[in-house]
Every structure is written in structure tokens, then in C-alpha cells.
Amino acid sequence: METWRRVIADSITTPEELAECLDIGPGPLAPLVRRYPLRITRRYLGLIEKPGDPIWRQCVPDPLELLDDQFPDPLDEERLSPVPGLIHRYPDRAVWLVSNECAVYCRFCMRKRRVGCPLAGGGEGFWDDVLHYIKETSAIRDVILSGGDPLLLGDEHLESILAGLRAIPHVEIIRIGTRTPVTLPERITARLCRMLKRYHPLYVNTHFNHPREITPEAIKACARLADAGIPLGNQTVLLAGVNDDPAVMTHLMQQLLAIRVRPYYIHQMDLVQGTGHFRTNVETGLEIIGALRGHTSGMATPYYVIDAPGGKGKIPLLPDAVEKWGDTWLLRSFRGEIVEYRDR
Ligand SMILES: *Cc1c(COP(=O)(O)O)cnc(C)c1O
Ligand code: SF4
């Protein structure tokens, strides 16, 4: 068995195991885990330093998950699926949910409604339908593999998907969204990277939420991908009690750039059922962007986006909405000064 598969097989999936590792009572965990599945790799669990810390909050089930009464699918992803497993919301790009499995089930997941469940409407049975749809839809030039985590598929599975996409001339770029560099760095093998680099232009967006996730193993995984010529981006979710602090977020963004990972998005928490205890207000996000922009490398400054409910798409928020007075734009510099600007 490949090492990463052994790591998954050895991960924590039951309330009893978790309770034992954390030295807590398993009682409250049981109903939670029946509703939303549990999986934590031992490596990720080992990053916890104390109860309720940023790593704990991301992976240990919290009874508050059962109290939150938002919607399972506020972004209307199911409605925007022309074929099961494909989300086609923007004209020229589509998201293909190729896996429902992850190495760690993040408690704040936007696809909480489906991760860890059998791959209904995303299974291999539909792969031909998805490929057929993409082939027939010549406007799609960018395909994003997501899930779950696409890298929980084996190399051969993944390669058959990539080869299927590469056989379609109008698919210019392929992106893979994966948290495995953080949660399962063993997955980023030399063999995987040799395979991936045959399908360029290929981009990988990873998902670090806290500086403590940038471990020596995660750094090595990112270096392997970057050395295969794969540009790396990062999507962070703004999470209460994890990274809702300008100093923590600045440190995270700077450390990511230092390992050749370009911060791409900070996501406002979606209004997904079971995740309310992670949601911050928008002012918190604006304050963080205000602390980044101009104060550190532009390359370390991602877009702060709200994915608008109802599938209206990601909307970037800037702390300084521009204003126009007559023919003059009033711009706000990162120091807060008003700058007058005229087009000519
Ligand atoms: C985020 C997202 C994309 C990709 O958006 P980019 O801004 O190009 O990264 C595409 N489709 C869906 C449904 C998305 O949620
Ligand atoms: S790795 Fe991504 S898809 Fe999987 S549980 Fe975490 S946030 Fe959800």
C-alpha cells in the first residue's frame, strides 16, 4: 500500500478514538459524527497545542454544528449543475467535484452537505457525462477539479481525468484545489508530480488557514509541486478563533509567499449550515485586508471575497470603495489618506 493510503487508514474517524486522543468524553461527539463525518490524520491532530486552539477548532467537531440553522447549499451549487458533479456558474470555467473524500474533514467546510458521503452524483458513473458536457460547451476554457479533495484519488484515477480533459482542445488550463499539502503531505509524491507535469498548464490551489500549518512536511510538499513547474496559489477561509486577526493573517500570507505559494483568496465564510460558529463579520475581513494592503508585499495580498448567496459569484471587497466627485476620483491610500485622481 502507498504510504499516504496507510496514513488515511490510520487516521481518526470515531468519537471513541478522538476522545481518547484528546482526553475528553466521547458523549457529545457521537451525534455530531453521525451527522457530519469525522476524519483527522494523526499528523494534523499532532499540531494541536491546547484545547480550542486554531488547529483544534478546524478539525474537532463542536456541538454548535448542530445548532446552526443556515442552508446546506446557499451558493445554489446543485441548481447550477448541468450534469451531476459539475458546477457551471461562470461562462468560461467550471468546477468538477471529482471526490467526496478528504484527509481531514474541516468542520467549516462549505461542502459540508456532501463531503465524506458516498459520491452521489459525482461518481465515476458520471465522468463520461461530465467530459461530454465540457466537450460540447466550447466556452469552458478553465476546469477546476475540486471535491472533497481530488488528490484523495489515486494517481491512475486522477490521470484518467486529466487525460480526458486534455483531449478537449478548448480546455486551456486545469486547476486542482487540494488541502493535502497541509493535511496529508505524504500524498505529494515524486511520482504524482512526474505525472502532473505532463498535463501543463496545470495550477494547484492549496488551503492553509494558519501559520502553524506551515510545517516542514508541508513546505516540502509545496516545493515538490513548485519544482514540477506548477504555480501554487492559496485559498484561506476567514475563521473565527483561527485566523480572524490581522497579525496572524499577515504572518500566514508572508510565510506562504516564502514557500512559493501565492495568496489568492481570503474567503468570507459562506452561510453554510453547521458552520455558524466560524463566521466573522465583514468588518473583520476588511480590517485584515487594510492591514495587508501596502503594508506588505502586494504578492502577499489576496482578494477578500464574498461568494454571493444564490450563485451570484465571488465579489471582491476593498476597504476603500472609491468615490467620484464630478470628474475626480477620490481614492484612499493604504495609510487612509484621500488621493484625488483625474483620468486626464
Ligand atoms: C470559485 C469558483 C470558480 C473559480 O473562480 P475564480 O475566481 O476564477 O477562481 C468557478 N466556479 C465556481 C462555481 C466557483 O465557486
Ligand atoms: S479539505 Fe476542503 S473540501 Fe475537504 S473538508 Fe476541508 S474544506 Fe472541505
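These are my notebook entries on a predicted model.

**Entry: ligand 2**

I began with ligand 2 and looked up where it sits, which is in the largest pocket. I then listed the residues around ligand 2: C102, V104, Y105, C106, C109, G148, R179 and H207. Sorted by class, this shell holds five nonpolar residues, two polar ones and one charged one. For C109, a member of the shell, I looked up the accessibility as well: the residue counts as buried because its relative accessibility is 17%, and the cut-off is under 20%.

**Entry: cis peptide bonds**

G148, one of the residues around ligand 2, also came up when I looked at the backbone. The peptide bond from G147 to G148 is cis, and its omega is near 15 degrees. I placed G148 in the loop between strand 3 (142-146) and helix 7 (155-166).

I noted a cis peptide bond between H200 and P201 as well, with omega about -5 degrees. P201 belongs to the loop that lies between helix 9 (190-196) and strand 5 (202-206).

**Entry: positive phi**

I looked up D76, which is not a glycine and yet has a positive phi of about 60 degrees. Its position is in the loop between helix 5 (54-59) and strand 1 (86-90). Is D76 buried or partly exposed? I recorded D76 as partly exposed, because its relative accessibility is 24%.

R260 is likewise not a glycine, and its phi is positive at about 70 degrees. I found R260 in the loop between helix 11 (246-258) and strand 7 (261-267). With a relative accessibility of 46%, R260 therefore counts as partly exposed.

**Entry: cysteines**

How many disulfides does the model contain? The count comes to zero. I followed this up at C59, which is in no disulfide; the nearest cysteine sulfur belongs to C106 and is 8.6 Å away. A disulfide requires the two sulfur atoms to lie within 2.5 Å, so the distance from C59 to C106 does not qualify. C59 counts as buried because its relative accessibility is 0%. C106 is the cysteine that I had already listed around ligand 2.

**Entry: strands 1, 2 and 3**

I turned next to strand 2 (residues 93-97), which is mostly covered, with four of its five residues buried. On one pairing, strand 2 runs antiparallel to strand 1, and three bridges join them. Here L86 stands opposite W96 of strand 2. The link between strand 1 and strand 2 is a hairpin of two residues.

On another pairing, strand 2 runs parallel to strand 3, and five bridges join these strands. I noted L97 opposite S146 in strand 3. Strand 3 also borders the loop in which I had placed G148.

**Entry: strands 10, 11 and 12**

Finally, I looked up the pairing of strand 10 (residues 323-325) with strand 11 (residues 328-332), which is antiparallel and has three bridges. K324 faces W329 of strand 11 as its opposite residue. The hairpin of strand 10 and strand 11 has two residues between the strands, and within this hairpin G326 takes a positive phi near 60 degrees.

Strand 11 also pairs with strand 12 (residues 338-341), in the antiparallel sense and over four bridges. Which residue of strand 12 is the bridge partner of W329? I recorded Y341 as that partner. W329 thus appears twice in this entry, opposite K324 and as the bridge partner of Y341.

Methods
Residues are numbered from 1 along each chain as its sequence is written. Chains are lettered from A and ligands numbered from 1 in the order in which they are written. This is a predicted model: local features need pLDDT of at least 70, side-chain atom pairs count only at pLDDT 80 or more; totals for chains, interfaces and linings use all residues. Side-chain values use heavy atoms; hydrogens and water are left out. A residue is near a molecule or strand if one of its heavy atoms lies within 4 Å of it. On a 1 Å grid over the protein atoms alone, a cavity is a set of points where a 1.4 Å probe fits but cannot get out, and a pocket is an open set with protein on both sides within 12 Å along at least five of seven lines; lining residues have an atom within 4 Å of a point. A molecule sits in a cavity or pocket if more than half of its atoms lie within 2 Å of its grid points. Ala, Val, Leu, Ile, Met, Phe, Trp, Tyr, Cys and Pro count as nonpolar, Asp, Glu, Lys and Arg as charged, and the others, Gly among them, as polar. Buried means under 20% relative accessible area, exposed over 50%, partly exposed in between (1.4 Å probe, protein chains only). Two strands pair if DSSP finds at least two bridges between them.
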